[in-house]
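Trainee: Got a minute to go through this one with me? I have it open and want to talk through the packing.

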Amino acid sequence: MPNVLSVENLSKKYGNTIAVEGISFEVERNEIVGLLGPNGAGKTTTINMVLSVLEPTSGSIRIEGIDVARQRSQALECTNFAAVYAPLPGNLTVYQNLYVFGLIYGVNHLSDRIESLLEQFELERFRNLKSGVLSSGEQTRLCLAKAMLNDPHLLLLDEPTASLDPATARDIRTKIREFATRGSCGVLWTSHNMYEVEDVCDRVLFLSHGKILLEGDPKTLPREHGKSTLEELFIAVAREPLALERV
Amino acid sequence: MNLSRTFAIVLRHFYLVRGSPARVLPLFAWVAIDMVLWGFITKYLNAVSAAGFDFVPVLLGAVLLWDFFTRVMHGVTMAFMEDVWSRNFLNLFATPLAISEYVGGLVVSSMGTSSIGLIVMFVLAGAIFGLSFVSYGAAVLPFLLVLFLFGVALGITGAAIVLRFGPATEWFIWPIPALVSPFAAVFYPVATLPTWMQYLATILPPSYVFENLRAIISGQAASVTALIWAIVLAIAYVLLACWVFGGVYRHSVRTGLVARYSAETVS
């Protein structure tokens, strides 16, 4: 069986500016991979290329063995995402948003699926409210419900808990963890919260200036590089990327 | 092409229209005002002009058909602009939705909204001013088809312009029908135009509609050849517009515009 996500030698250049430079990595089934790095490191660019809203300059992306460049729709049928910068349209209600996106993803038994997600993400009382009037935390939960609609094999989460209070963030992390371990789903997760990353991710990739500098278990990686915490390691990557090499 | 995805785009627009009086009113209000205004103008012209000539089917009929064309074009563009205004591109285009399914959804949405305007115009023009489309005969069907197709073509082109150059360019899009109308000879024969404008009229499908409309009213038969040519021309424009939109979309994916689309990043 192929990996959920296989990225090979992926690059993106804007003129002379290199956003991502020849990165390769995989996400396996039931694995949560953290994509870490300072602002401008290339995390969102990478996610956008996986989602096929940004064309790579070179390299290949395969989701469930399907080449995204050649069979975009098939590859994205088993993918979904939630990002803090991509709220659902505020002029539709919570239910309408989920219904429209459920149709786009071709979800079977859509009404039942929506009911289950509304309950799971505690959105039942907002079902007929316009999404735009929800608080940022509620909107984040709605985005996550949308991201789970099609039971994706690959889930891309770009700072999914950025606007949540600590208690809700912990609940959400638990739900995503359960989601990843229950089926055959793999998750690519970006976050600037290193405690969250250590808690959730099985493996992390540190990006800096478009390159993967480090890769490993978030619980052991700091010690391997002489740092006591993941946050210290993050700061070192951000400030002195040349001093670190990919293991 | 997955029809369920196209239906999702149509349903999204239906939800928006259903839930908003501000979106419902323009579907029929402006065309109703046009019918009333031009209806009285034609009545006045009938009263002061030589006996025997009826301005209602020539002038009011032309206004009705032109308004239908405008509604079709604006219907496509409006459905697209809803995604611009709600910054929905990333959500939409990171799904399995194909660009043909998306554009198909915009066109079907426009078909629905423009039909409402057309029915309102038919009712008002018929009930108050006695305009009967029976007087145009079977030619009214190709008339509507040509104007619908050309409206779709301009609507898709308008959407491509906004996608390429940013939301601020929407103000170039809305007046496009007014820009085209002098060349399309809506209210006067093509022969009235200077030669260079006549050349432009020959490549505009609506000019064949309005030439034939006047021919029928003056007792001549509609030119089947001209109407077939107008349909072929309009289909060619639709295909060209789809090609342009596809090209602009691919450019936007290459440069990252789709991922970062907003007034700030594009304009």
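Mentor: We can take the chain contact, the core, two helix pairs and a few single residues in turn. Keep in mind that this is a predicted model.

Trainee: Fine. How many residues does each chain put into the contact?

Mentor: Chain A gives 22 residues and chain B gives 23 residues.

Trainee: Which helices of chain A supply at least two residues each to the side that touches chain B?

Mentor: Helix 2 (72-77) and helix 3 (94-104) of chain A each do that. The largest share of that side, four residues, is from helix 3 of chain A.

Trainee: And how does the side of chain A that touches chain B split by class?

Mentor: There are 13 nonpolar, seven polar and two charged residues on that side.

Trainee: Staying with helix 3 of chain A, at what angle does it pack with helix 5 of chain A?

Mentor: About 25 degrees, and the axes of helix 3 and helix 5 (residues 136-148) of chain A are 10 Å apart. Angles under 35 degrees count as roughly parallel, so helix 3 of chain A is roughly parallel to helix 5 of chain A.

Trainee: Left-handed or right-handed crossing?

Mentor: Helix 3 of chain A and helix 5 of chain A cross in a right-handed way.

Trainee: Which residues meet there?

Mentor: From helix 3 of chain A, Val94(A), Asn97(A), Leu98(A) and Phe101(A); from helix 5 of chain A, Leu142(A), Ala145(A) and Lys146(A). By class, this contact has five nonpolar, one polar and one charged residues.

Trainee: Where is Pro166(A) relative to Phe101(A)?

Mentor: Their C-alpha atoms are 28 Å apart in space, and the two residues are 65 apart in sequence. Pro166(A) belongs to helix 6 (residues 166-182) of chain A. Pro166(A) counts as exposed because it has 11 C-beta neighbours inside 10 Å.

Trainee: On to the core. Which residues touch the most other members of the largest nonpolar core?

Mentor: Val187(A), Val76(B), Leu147(B), Ala153(B) and Ile156(B), in a core of 163 residues. Helix 3 (residues 55-85) of chain B provides the largest share of this core, 18 residues.

Trainee: Take Leu147(B). What does it touch, leaving out residues up to four places away in sequence?

Mentor: Leu147(B) touches Leu65(B), Phe68(B), Phe69(B), Val72(B), Pro206(B) and Val209(B).

Trainee: How do helix 6 and helix 11 of chain B pack?

Mentor: Helix 6 (residues 140-165) and helix 11 (residues 224-255) of chain B have axes 8 Å apart, at an angle of about 15 degrees. That angle is why helix 6 of chain B is roughly parallel to helix 11 of chain B. Helix 6 of chain B passes helix 11 of chain B in a left-handed crossing. The contact of the two has 24 nonpolar, three polar and one charged residues by class.

Trainee: Last topic, backbone oddities. What is the phi of Asn9(A)?

Mentor: Positive, about 50 degrees, although Asn9(A) is not a glycine. Asn9(A) sits in strand 1 (residues 5-14) of chain A.

Trainee: Is Asn9(A) buried or exposed?

Mentor: Exposed, because Asn9(A) has 12 C-beta neighbours inside 10 Å.

Trainee: And what about Arg87(B)?

Mentor: Arg87(B) has a positive phi of about 50 degrees and is not a glycine. Arg87(B) lies in the loop between helix 3 and helix 4 (89-93) of chain B. With 17 other C-beta atoms within 10 Å, Arg87(B) is partly exposed.

Conventions:
Residues numbered from 1 in each chain as written. Chains lettered and ligands numbered in written order. Predicted model: local features only at pLDDT ≥ 70, side-chain atom pairs only at ≥ 80, totals over all residues. Contact = placed C-beta atoms within 7 Å. Nonpolar A, V, L, I, M, F, W, Y, C, P; charged D, E, K, R; others polar. Core = buried A, V, L, I, M, F, W, Y, C linked by C-beta atoms within 7 Å. Buried ≥ 20, exposed ≤ 12 C-beta atoms within 10 Å, placed from the backbone. Axes fitted to C-alpha atoms, helices over the stretch in contact; angles between N-to-C directions. Parallel < 35°, antiparallel > 145°, perpendicular 65-115°, else oblique. Left-handed = near helix turned anticlockwise from the far one by under 90°.
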